[in-house]
Each structure stands twice: as structure tokens, then as C-alpha cells.
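Colleague: I would like a close look at one place where two parts of this model meet. Please keep the answer plain, and give the cut-offs as you go.

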Amino acid sequence: MEVYLSYFLDLILHLDKHLPEIMAAYGSLIYAILFLVVFCETGLVVTPFLPGDSLLFACGALAAAAPESMNIYWLVGIFLVSSVLGDACNYMIGEKFGNALLNMNTKLIKPEHVAKASAFYEKHGHKAIFLARFVPIVRTFAPFVAGIGKMHYTTFAHYNVIGAVVWVTLFVGGGFFFGNIPIIKQNFTFVTLGIVIFSLLPILYETVGKKLLGKKD
């Protein structure tokens, strides 16, 4: 039993590395699996550990290497819909049940993650919904916090859609055009680290770049 549980956890946590074997086992159902993973990663505050950026990059690379098995247009469409719906669902959970869930002190929702997302939201305002797309963990909790704070839904939806379009385009497109370069394929662990660093660039610009530009002015 422990062996199967360990394998299942490894499969979920490193889905990007197991894509070829999942495709071989489930065929076109892979699209439904990818939809659910991204929807849960963005839409449920209890699953921030699911793969996000690296999964999109790996799928883009696989679509370029084996277009007969994975269609790039299907991928982009599925990831766009699942990420937009995921954030919308997370917002509604925060709006309707957020305070009640936090008061329950459940171990499924870590207070430090909520605090981190709250601080991020306070620092960046409405733009946090867009910027959070590129920050693992914060991506999962920012919509939840926005719902608790009763952010106007039209404003939230605006940043939600724009963020999803940029996020999906960057990472799926990056994998499609660059993921099969030999040096990248052979050093995917370092590439994943690079993706995380790249994801933080918008935040660095907001916190450091604008300050430096302001000083120059």
C-alpha cells in the first residue's frame, strides 16, 4: 500500500516528468487530466503543491516533439479555460467560506500561506491577481484572499483573464519553441529552477525596478 501511495504522490507532484507514460496509458484523456490539475492548482487552496509553470512548459515541449500525440492549440485552450475557472472558483470560495475556513484552523490551509498572499495583495493591490500568476503558492492563495477581501468581481475577472492569457502563452509557448533544445532537455531540473526565477521577474520589477526608476526621476 505504501509503495502505491508513494508512486501516486510522485506522479502528482512531478506530473511534468511523467507526461509521456500518462499519455501512453490514457491517450486523449490526458487533456482532461491536465485540465483538472491546473484547475485544482489555481482553484483549490488545499492543493498549492500541484505543478504549474513547469507543467505548462513540459506540455509545450511535448507538443513540439510529438504533435501527433499532443496538440498545441488544445493545450492552450484547455490551460486558459482551466486557469480562468480555477481562479474564479477560488475567489468564490474565499468570498463565501473564506473566513469560516480560516476560523476552523484546519491543517489543510496553512496560515503562513494565507498571510504571504495577504501581504502580497496589500503590497500590489489589484495587480496582485495578475502578478500572482507567476508566483507558485501565492498563485493559489491570491484569489482566495481577494474573495475574502470582497474585491469587486469585475476588477478581479479583468486581471484574472489577462493574467491567464500571459501565463499560458509564456510557459506553453516557451516549452514549444525552446523545450526540445538538447541542453534544456538534458538539464530540465535547472530549467525548472530557471522557470521559478523567471516567474519572479514581474515581482522584482514591481518592488525594485520601479523604485530605481523613481530615484532616477
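How do α6 and α8 lie relative to each other, and why is that description used?

Modeller: This is a predicted model, in which local features need pLDDT of at least 70 and side-chain atom pairs count only at pLDDT 80 or more, while totals for chains, interfaces and linings use all residues. Residues are numbered from 1 along each chain as its sequence is written, and side-chain values use heavy atoms, with hydrogens and water left out.

Helix α6 covers residues 111–124 and helix α8 covers residues 138–148 (helices are DSSP runs of H or I, at least four residues, numbered from the N terminus). Their axes, which are lines fitted to C-alpha atoms over the stretch in contact, come within 8 Å and cross at roughly 70 degrees. Therefore α6 and α8 are roughly perpendicular to each other (the word covers 65 to 115 degrees, on a scale of 0 to 180 between N-to-C directions).

On the α6 side, the contact (heavy atoms within 4.5 Å) is made by His 113, Val 114, Lys 116, Ala 117, Ser 118, Phe 120 and Tyr 121. From α8 come Val 138, Phe 141, Ala 142, Val 145 and Ala 146. Sorted by class, these are nine nonpolar, two polar and one charged residues (Ala, Val, Leu, Ile, Met, Phe, Trp, Tyr, Cys and Pro count as nonpolar, Asp, Glu, Lys and Arg as charged, the others as polar).

Take Ala 142, which sits in helix α8. Ala 142 counts as buried because its relative accessibility is 2%, and buried means under 20% relative accessible area with a 1.4 Å probe, protein chains only. Once neighbours within four places in sequence are left aside, Ala 142 touches Ala 117, Ile 129 and Ala 132. Ala 117 is one of the α6 residues in the contact between the two helices. Ser 118, another α6 residue in that contact, is 24 residues from Ala 142 along the chain, and their C-alpha atoms are separated by 7.2 Å.

The surrounding chain gives the setting. Its secondary structure comes to 12 helices and zero strands. Of its 217 residues, 43% count as buried. Among contacts in the chain with a separation of 6 or more, 78% join residues 24 or more positions apart. The pair Ala 142 and Ser 118 has a separation of 24 residues.

Terms used
Angles under 35 degrees count as roughly parallel, over 145 as roughly antiparallel, 65 to 115 as roughly perpendicular and the rest as oblique. Buried means under 20% relative accessible area, exposed over 50%, partly exposed in between (1.4 Å probe, protein chains only).
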